[in-house]
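Dear colleague,

I am passing on the structure we spoke about, and below it I have set out what turned up when I went through it. Please read the notes with the model open beside them.

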Amino acid sequence: MLQSLFNNFMLLTTVIFFGYMIKNKLPDRLDKALYVRILLGSGQGLLGIVLMYYHFHLSEQVIADFRQLPILISIYLGGGLSGVIATLLIALYRMLFLHGFGPHAMIAAVNAPVTLLIGFLLLRGRKTTVLRWVIALALSALSTAVFMMLLSNECLFKEIALYFPLLIIAGLFAFFMLRYLRDKDDAIRIMREAANHDFLTSLYNSRAFEVKMGQKIAATKRDKVPFTLLIVDIDHFKQVNDRFGHPAGDAVLLQIADVMRETFRPGDHIARKGGEEFVILVDHCDAEQIKVVAERLRSNVENHVFILPDGGELRLTISAGSATYPNVPEEELILKADQALYQAKAAGRNRVFRAVDLFYEDMIPKNTYRFP
């Protein structure tokens, strides 16, 4: 019995570990996709089928396995659809193939839908608590005990007393293993986000932005679709800090970031370059289209009422410069956009200029390239 239990347990934990690793290699946008939940349910269903062959003896007449756990795990990780698929595979295989079709097979197969119902009632994905999981395990063990007695026509108190703790221990180990893997992945994701995002505005930082721009240039070379680099600076921002204090400056930066998120599309990449300067990669945008996009941002900022920590209100403007790739060579992209910004400020601020609008480049110092 101990060898069979060990095999059952090792198979369960190995499949859970590698299955979870594969699931978390998927991009976030695919993690909840329909076909991923179908694959998850199918994989857990196959695990339940394999576990039926790795059964263990509770006595000379009674054998058991952990086939209920894949059903509960599939609901916990993938929701109802995954649970239904896993249940169907386990129940149909038990009824039709494991020991042949018959009354005993039909009665034994019904245990899988009962476990599915228990999971539906108690498990709530990430909101599932240890208590809910233990109750689900206990009810699943109870339903299994009832079916054991129906199949044997005997009172199997000794076997049931042995099976209850075995299932709960195996189930708790699986649950804590899944929760540990999830928490570890969450911690790694948070660290990655912290490394790539500005601590104040949660926009991309300079390091992440350089990577995004490299990827965008490569995509443009491949797909022949232009993009535009837009550099934005808040006009007279130093006066905000000097007059109202740095908490007010931080509040302004947070609200500017929100205005930018509302102005640009999800596919555009926004970063805080540092201080009061921001850079945006505007996807699928040529030198003509950026005039409309940049003007919309300028107008949105000009019309926005900034709320300060003390409840006061403030009006601000921005200046912006842009350069479009591939019109501008990649090695000059940041320089040209920065020169256009310089010109917008020199022309009186609260306006936007493009690299193609530059008319006095020779007057702009060559050291105005300020992007690290």
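Is phenylalanine 175 buried or exposed? This is a predicted model, and in it phenylalanine 175 has a relative accessible area of 0%, so the residue is buried, the cut-off being under 20%.

Aromatic pairs

Eight aromatic pairs occur in the structure. In one of them, the ring centres of tryptophan 133 and phenylalanine 175 lie 5.1 Å apart with the planes at 25°, and the pair counts as stacked because that angle is under 30 degrees. This pair links distant parts of the chain, since tryptophan 133 belongs to helix H7 (residues 130–152) and phenylalanine 175 to helix H8 (residues 157–196), with the two positions 42 residues apart in numbering. Tryptophan 133 is likewise buried, at 0% relative accessibility. Both residues also take part in one aromatic cluster, which is formed by Tyr76, Trp133, Phe175 and Phe176.

The cavity

When the whole structure is searched, one cavity of 30 Å³ or more is found, and the volume of the largest cavity is about 40 Å³. Its lining consists of Arg67, Ile90, Ala91, Arg94, Ala108, Ala109, Asn111 and Ala112, which by class amounts to five nonpolar, one polar and two charged residues. At least two lining residues come from each of helix H4 (68–98), helix H5 (103–109) and helix H6 (111–122), and H4 gives the most, with three residues.

Backbone points to check

Three places in the loops may interest you when you look at the backbone. The peptide bond that runs from tyrosine 325 to proline 326 is cis, with omega near 15°, and proline 326 sits in the loop between strand S8 (318–325) and helix H13 (333–346).

Lysine 224, a residue other than glycine, has a positive phi, near 60°. Its place is the loop between helix H9 (206–223) and strand S3 (227–234), and with a relative accessible area of 66% lysine 224 is exposed, the limit for that class being over 50%.

Arginine 349 also has a positive phi without being glycine, in this case near 70°, and is found in the loop between H13 and strand S9 (352–354). With a relative accessible area of 30%, arginine 349 counts as partly exposed.

With best wishes

How values were computed: Residues numbered from 1 in each chain as written. Predicted model: local features only at pLDDT ≥ 70, side-chain atom pairs only at ≥ 80, totals over all residues. Heavy atoms only, no water. Phe/Tyr/Trp six-rings, centres within 6.5 Å; stacked < 30°, edge-to-face > 60°. Helix = DSSP H or I, 4+ residues; strand = E, 2+ residues; numbered from the N terminus. Buried < 20%, exposed > 50% of the residue type's maximum accessible area, 1.4 Å probe, protein only. 1 Å grid on protein atoms, 1.4 Å probe; cavity = no way out; pocket = protein on both sides within 12 Å on 5 of 7 lines; lining within 4 Å. Points joined across faces, edges and corners; volume = space filled by probe spheres on them. Nonpolar A, V, L, I, M, F, W, Y, C, P; charged D, E, K, R; others polar.
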